[in-house]
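Hi,

Here is the structure I promised to pass on. My notes are below it; have a look when you get a minute.

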There are 2 protein chains.
Amino acid sequence: MEPMDDDKVFKALGDPTRRKLLDLLCETNGQTLGELCGHLDMARQSVTQHLGLLEEASLVTTVRRGREKLHFINPVPLHEVYERWVRKFEVQRLSLLHALKQHLEEDGT
Amino acid sequence: MEPMDDDKVFKALGDPTRRKLLDLLCETNGQTLGELCGHLDMARQSVTQHLGLLEEASLVTTVRRGREKLHFINPVPLHEVYERWVRKFEVQRLSLLHALKQHLEEDGT
DNA sequence: TTGACATGCAGGTAAATACCTGCATATTGA
DNA sequence: TCAATATGCAGGTATTTACCTGCATGTCAA
């Protein structure tokens, strides 16, 4: 198992087409390239490229079945992103107003 | 309050420099542009640009204090990203192996 | 007021990237 | 075998974007 690459995961999530692909796989896991193309108004090759980036980020895993390629979502990297990023800032969320007040009161402007 | 723009948030998080800026603000909230520049090996103007994107994504809020500009982290969009994205795929995480098995057993390849 | 300091604005460039077309390969089913 | 189907590979282009430099504006403190 590859170690997670924060940057690849965030970059992969940074494109709306790729988020849509994840959504599609969330609805129906294990879709083929052709099936996924059916939901996107875009050349097959572009979809392939997007799926390639998702796969490099370990957000999608593929299995060949004959001439087809099945795509499965892998939620693990997303969970790690949550652990490393969202939770960290959750703490801030609670103390934000306090910090803001404190800072502004430093010199009363 | 602006409605959250998924795309802006994800795009903002898609750059390592901007994630570093969020990290810096997580350590010490309310830093000035100059302070933040001190931690990044990059022209001031580039940092300004990154902070601008973070602000457009509502991930950072600014307050002017005299000739300085203070930057505060805003964890709310991150939390919404979590709600809309990570949780959704958490469900998948639990049923993933089951679905995979089922799919592969469909034709036993 | 005036010089030092903090930030804003207006471009300009090179690399990344999101698309595409055209052709090649591999698998299935008649 | 052979035609239809599913995907892979090799480029090409136009937009986006992550940097930069140079100059302008606004604020502070002596």
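The side chain of B:D15 reaches the backbone nitrogen of B:T17 at 2.8 Å. That is a polar contact, i.e. N or O atoms within 3.5 Å, where inside protein one must be able to donate a hydrogen and the other to accept it, and residues adjacent in sequence count only through side-chain atoms on both sides. B:D15 sits in the loop between helix 1 (6–13) and helix 2 (16–27) of chain B. B:D15 is buried (under 20% relative accessible area, 1.4 Å probe, protein chains only). Still, B:D15 has no salt bridge (side-chain nitrogen of Lys or Arg within 4 Å of a carboxyl oxygen of Asp or Glu); B:R18, the nearest side chain of opposite charge, is 4.4 Å away.

Keep in mind that this is a predicted model, with local features needing pLDDT of at least 70 and side-chain atom pairs 80 or more, while totals for chains, interfaces and linings use all residues. Residues are numbered from 1 along each chain as written, chains are lettered from A and ligands numbered from 1 in written order, and side-chain values use heavy atoms, without hydrogens and water.

Now the DNA. 22 residues surround strand C, counting those with a heavy atom within 4 Å. A polar side-chain atom of A:H50 lies 2.5 Å from a phosphate oxygen, and a polar backbone atom of B:G34 is 2.8 Å from a phosphate oxygen too. A:R67 goes for a base instead: a side-chain N or O atom is 3.1 Å from a base oxygen. Helix 4 of chain A gives the most to this surface, five residues.

Cheers

Definitions and conventions: Helix = DSSP H or I, 4+ residues; strand = E, 2+ residues; numbered from the N terminus. Buried < 20%, exposed > 50% of the residue type's maximum accessible area, 1.4 Å probe, protein only. Lys, Arg positive; Asp, Glu negative; His and termini not counted.
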